[in-house]
Amino acid sequence: MDPKARTDNEARARAYPYSYYSASYSGYSAPGYGGEATVQRSIQDYILILRERIWYIVVVFLLIFSASVVYTLSQTPLYQSAASVQIFRRDPIVMQVQGVMDNEIRGAEDLNTQIKVLESVAIVQRVAERLTGEDLRQFTAPYRKEGDSDPVSPAEIIFKNRRVVPARMSLIIQAVYQHPDRFVAAKVANLFLDEYIANNSRQRIEESMKAVDDLKVRAEQQKKKVEEIAVNLQAYREKNNLVSLDQRKDIVTEKLKALNSLVTQASSRRKDTEIKWMQVQERRGKPAEMLELPYITGQPLIGQLIQQMAAQKIIIAQLRDRYRAKHPKMIEAENSLAQTEKELNQSIDTTASMFEADYQNAKRTDEEAHSALKRQEAESLDLDRYAVEYANLEREFRISEHLLDTILARMKETSMTSTIETQNARVVDRAAPALKPVSPNNTLNISIGILGGLVLGTVFAFFVAFVDDRVKSSFDIESVVGLPLIGIIPEIRRMEQPEKAQIVVNNQDKQVVEAFLTLHSSLRLKDESKSAQCILITSTIPGEGKSFTTTNLALTFASHGERVVVVDCDLRKPNIHKSFKVENLKGVIDICSGSASINDVVVRGIHPNLDIVPSGGRAKNPTQVLNSKNFEVMLSNLRKSYDRILIDTPPLAAVSDALIILPLADGSLYTIYFNRVRRKAAQFSARKLLEVNVPCFGAVLNGLNLAVSGYYYAQYYDRAYKDYYVVTGTTQDKV
């Protein structure tokens, strides 16, 4: 660290020790501004905080210690006695019958039920009722005050001072009672167990007798129901003639099979004749087309006439060679051909009429077969319906009869078991009078007072020290600063700047890698950030990790297959070239001055899919460079070659460079370092960022100290999450 800077820090620490320490406790190197390590909190820092607030500690210590002393001296000595009882996993089996009450202990729920019974007000009331005469006077004596006319309620006293303690990994329960009289304490503890066992036995007998009475009523009702169903069953059988139900069903089934076969044959014949008739009907009146049908020409008479016409045509052709058209032989031959053709047409018409008659007969036969099948199916369905209703009545009768037998048998078993005395618990140890009181414990109370006073005083001192107005929680970012929190990056310790700048690829901190993957996913959730090609990244003050966020976010985009370029527009304190260990000889300044082109300054192949454009040095007039036309052209050309352009800019509170670039970008990200920047400064800078008509996608919180993350961001970082972080390059990785 620069000696002058160290001197300034020490001076600031002397002037505002707690504020200075709370601002720099994280130990995060500020990427983008030289990587100088901030001041680490040491033992001397904590001693200084405690020394300056020693009176807070003294006052809190005296209050806690005095309260413990007063409490100890004002307490009445109490004696404690305990009696233990064993709960049986199941009731003793005297007869192989099921009891009315199921007291079997199957798991923790059943055991807890017995514990709640022992803690119940009913048990407390019965214990109080058993305290009479001298026992009651000794019990209430410590609680009576002189001149107090209101009687003390024993049940209320017992309820407040009794405890039921289950022994771990066992079925043994202790009834513990405290009382100023050690003999009374032992007696009450023993009465708890006696009443608990008696209460279980009494409840079992009462429930059994009640069940017997209920079963008698149910048996009479069920008996009447069985008789009613039997009468209905007989009446239904007689009404629907279901004496020979199975035989009728067989006959109907055989008829259905025969009719189904007949319907199939009739339907097939109908379709066949229908097709022939439709073809004949289409060609009727056209003899030449009719003769194209094979089943027309296949008729014997039509075949003979066709052959006869062919022979006559041959004869006419031969006669034309010898005679003229009006020769008697020619006339006779043509008349003979005409007669034959006339007979052929008549035969075709006769055959067509025959096919029509066949179709009508087949249609009539098919309709009659379907009608007969429907009648038979209706008869079968009626018979099935009768059979179903009959089977339902018969089944209901058998079930009701079986239920009646079960009720009668259960009634006899319950009546028999109600007279058998069994216990589901036994006393293991009876309570004995205690030899010394358990309360108050003077040594413990004084020790708690001393230790509690010191601890609470120290905690209060640190609480006062750490109450400041720095941005820490998501409430500060979203409500005060006014930006949505879209990413949280944990603090990184003991790592060089280039390693931090490329931590998502060297994978030295799996929580940070996962944090950038989460930030990448958050940016892809909304359309405006998902489609944003040019993203500007800035902060409030130096040292908030904007360059660190820029480089690692760029590497995250690149690892997802996008072409990414990082442009270092921090022309006052350039840092991107240091992050990637490249020279900064040419860059943005040279492009804007016209002395170099983009291809001359782009450093390619930094990582797969990732290039950078350095600043090219420090500019004497950065605002003039960023306002130049060449700068706008440079960004326009980069948009043509890359999917994402990430611009690293100076902090907003220091200079206005970021506001000059912002109109050329599609959106911005605002980095805030945990517990470093003050709320008003962050709010003022964020307001300037939002005044420009360019969307701000949200804030990224850097340097979250995981030691205190539970107070502010327990939902984001927890030790239980560590198994979900993926470490690349291991043998368990799967692609």
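Analyst: Helices (H or I, at least four residues) and strands (E, at least two) are DSSP runs, numbered from the N terminus. The model is predicted, so that local features need pLDDT of at least 70 and side-chain atom pairs count only at pLDDT 80 or more, while totals for chains, interfaces and linings use all residues. Residues are numbered from 1 along each chain as its sequence is written, and side-chain values use heavy atoms, with hydrogens and water left out.

User: Which residue follows α21, and what is the sign of its phi?

Analyst: Gly561 follows α21, and its phi is positive, near 90°.

User: What makes α21 count as mostly covered?

Analyst: Buried means under 20% relative accessible area (exposed is over 50%, partly exposed in between, with a 1.4 Å probe and protein chains only), and 13 of the 14 residues of α21 are buried.

User: How do you know which strands are the edges of the open sheet?

Analyst: Two strands pair if DSSP finds at least two bridges between them; the order is β2-β3-β1-β4 with antiparallel pairing, and β2 (162–166) and β4 (425–429) each pair on one side only. Between β1 (residues 79–87) and β4 there are 4 bridges, and Val85 stands opposite Val427 in β4.

User: Why are α6 and α9 called oblique to each other?

Analyst: Axes are lines fitted to C-alpha atoms, for helices over the stretch in contact (heavy atoms within 4.5 Å), and angles run from 0 to 180 degrees between N-to-C directions. Under 35 degrees counts as roughly parallel, over 145 as roughly antiparallel, 65 to 115 as roughly perpendicular and the rest as oblique. Helix α6 (residues 121–130) and α9 pack at about 120°, and are therefore oblique.
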